[in-house]
Amino acid sequence: VTGSGVASPQQYDVEYLTPISVGTPPLVLNLNLDTGSSDLWVFSSELPPSEINGQTVYDPTKSTSAKKLEGATWEIEYGDGSSSEGDVYIDSVAIGDLTVTAQAVQAAKNVSAEFTADTNDDGLLGLAFNTINTVQPTRQKTFYDNAQSILDAPVFTADLKDDAPGRYNFGYIDSSVYTGNISYLPVDSSQGFWMFTSPGYAIGKGGYKITEMKGIADTGTTLLLLPTSVVVAYYKQVDGARYEGTQGGYIFACSATLPDFVFAVGNNARVTVPGKYINYAPTDSSGTTCFGGIQKDIGIGFSIFGDVALKAAFVVFDGPNQQLGWAAK
Ligand SMILES: CCNC(=O)c1c(-c2ccccc2)csc1NC(=O)CNCCc1c[nH]c2ccccc12
């Protein structure tokens, strides 16, 4: 079996949403497929109405296939301070033609203001390793875990695009959507993430710099968060760029020309993030000052190759072989 879902960018490519069917009759929810977390949680009828703002909600009492997982609860907090919590149902979940009949669906009873404000996002579908699933007392498997035994190949791929619809595919590698070869790197899943080490980088036409960057492939984080030394070196190449504490990062004139950022995947493969992707978004409505798509990874403990980086590549997530594949496109 295989499955495929479109990944539609929200404004400024802040996140990508994919239509997922939940329950019986199937309710279509637009979920953020997130390789940086491992909870499948959805807006639900158990939320106070004040916390719902246009989202489609899952009502387990309306799904004939829903079964409450008695005594199970969950609570998650993300690095940006957003959070959600609730209880758990076992129900059917489908992406395209791929259906998992017994998937833990975490129904939200509370969500933080950031999620309430995100009107098109009906929840998250975690695709990291289940060791970081937050359900208590028994952690639950991800959609990818549950799908693996029925998939033609035990992989999923992410093909995110700049301000255009991309795709998440499950169970196959579509060789028509990338160029050249796929370079595979070993994954260190000990912290529950798709963590890999890039041996070095280059900025624009500059020379290659050998610097190990240990980071995660994270579709749920918008920006490319890198070691301070790399970020400082990058913005030295951008006239007028400066770190602005009140904005929480590097800003520059929206008219600035930004160099490409190239990171190595293995010893002879490279991913080139076009400078255009690093001119992330205006900081205010005047559109004169823009916020950088590359920022510091301070305080996280590793780098995060978020959407700004991932949309420059075709990425293969291979759990059984604990490897990540990268290809140009
Ligand atoms: C800013 C989002 N990213 C993180 O917090 C994060 C961190 C992290 C930890 C500490 C400080 C900063 C970041 C490590 S792995 C990691 N990745 C994830 O947590 C992936 N899931 C993000 C879900 C998420 C949080 N706030 C949102 C707002 C819109 C769409 C999605 C989200």
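## The ligand and its contacts

In the side chain of Asp80, an N or O atom comes to 2.6 Å from a nitrogen atom of the ligand. Asp34 also faces a ligand nitrogen atom, with a polar side-chain atom 2.5 Å away from that nitrogen. Gly79 takes part through its backbone instead: one of its polar backbone atoms is 2.6 Å from an oxygen atom of the ligand. On its own the ligand would expose 640 Å², and the protein buries 78% of that area. Please keep in mind that this is a predicted model.

Looking at the wider surroundings, the ligand has 17 residues around it, and the closest of these are Asp34, Gly79, Asp80, Asp218 and Thr221. Sorted by class, this shell holds seven nonpolar, six polar and four charged residues.

## The pocket that holds the ligand

Where does the ligand sit? Its place is the largest pocket, which offers about 1000 Å³ of space. The lining of the largest pocket is made up of 34 residues, with Tyr78, Asp80, Gly220, Thr221 and Thr222 closest to the centre. Strand 3 (27–34), strand 5 (67–77) and helix 1 (113–117) are the elements that each supply two or more residues to this lining.

The lining of the largest pocket divides into 15 nonpolar, eleven polar and eight charged residues. Two names turn up in both descriptions: Asp80 and Thr221 are among the residues closest to the ligand and also among those closest to the centre of the largest pocket.

## The second largest pocket

Next comes the second largest pocket, with a volume of about 150 Å³. Its lining includes the run Leu127, Ala128, Phe129, Asn130 and Thr131, joined by Tyr144, Asp145, Gln148, Ser189, Trp194, Gly319 and Pro320. By class, the lining of the second largest pocket has six nonpolar residues, five polar ones and one charged.

## A closed cavity

How many cavities of 30 Å³ or more does a search of the whole structure find? There is one, and the space inside this largest cavity comes to about 40 Å³. Ser38, Asp39 and Leu40 contribute to its lining, as do Gln103, Ala104, Gln106, Gly126 and Asn133, together with Gln140, Lys141, Thr142 and Phe143.

Which element gives the most to the lining of the largest cavity? That is strand 7 (residues 98–111), with three residues. In terms of class, three residues of the cavity lining are nonpolar, seven are polar and two are charged.

Methods: Residues are numbered from 1 along each chain as its sequence is written. This is a predicted model: local features need pLDDT of at least 70, side-chain atom pairs count only at pLDDT 80 or more; totals for chains, interfaces and linings use all residues. Side-chain values use heavy atoms; hydrogens and water are left out. On a 1 Å grid over the protein atoms alone, a cavity is a set of points where a 1.4 Å probe fits but cannot get out, and a pocket is an open set with protein on both sides within 12 Å along at least five of seven lines; lining residues have an atom within 4 Å of a point. Grid points are joined across faces, edges and corners, and a volume is the space filled by probe spheres set on the points. Helices (H or I, at least four residues) and strands (E, at least two) are DSSP runs, numbered from the N terminus. Ala, Val, Leu, Ile, Met, Phe, Trp, Tyr, Cys and Pro count as nonpolar, Asp, Glu, Lys and Arg as charged, and the others, Gly among them, as polar. A residue is near a molecule or strand if one of its heavy atoms lies within 4 Å of it. A polar contact is a pair of N or O atoms within 3.5 Å; within protein, one must be able to donate a hydrogen and the other to accept it, and residues adjacent in sequence count only if both atoms are side-chain atoms. Accessible areas come from the Shrake-Rupley method with a 1.4 Å probe; for residues, only the protein chains shown count as cover. A molecule sits in a cavity or pocket if more than half of its atoms lie within 2 Å of its grid points.
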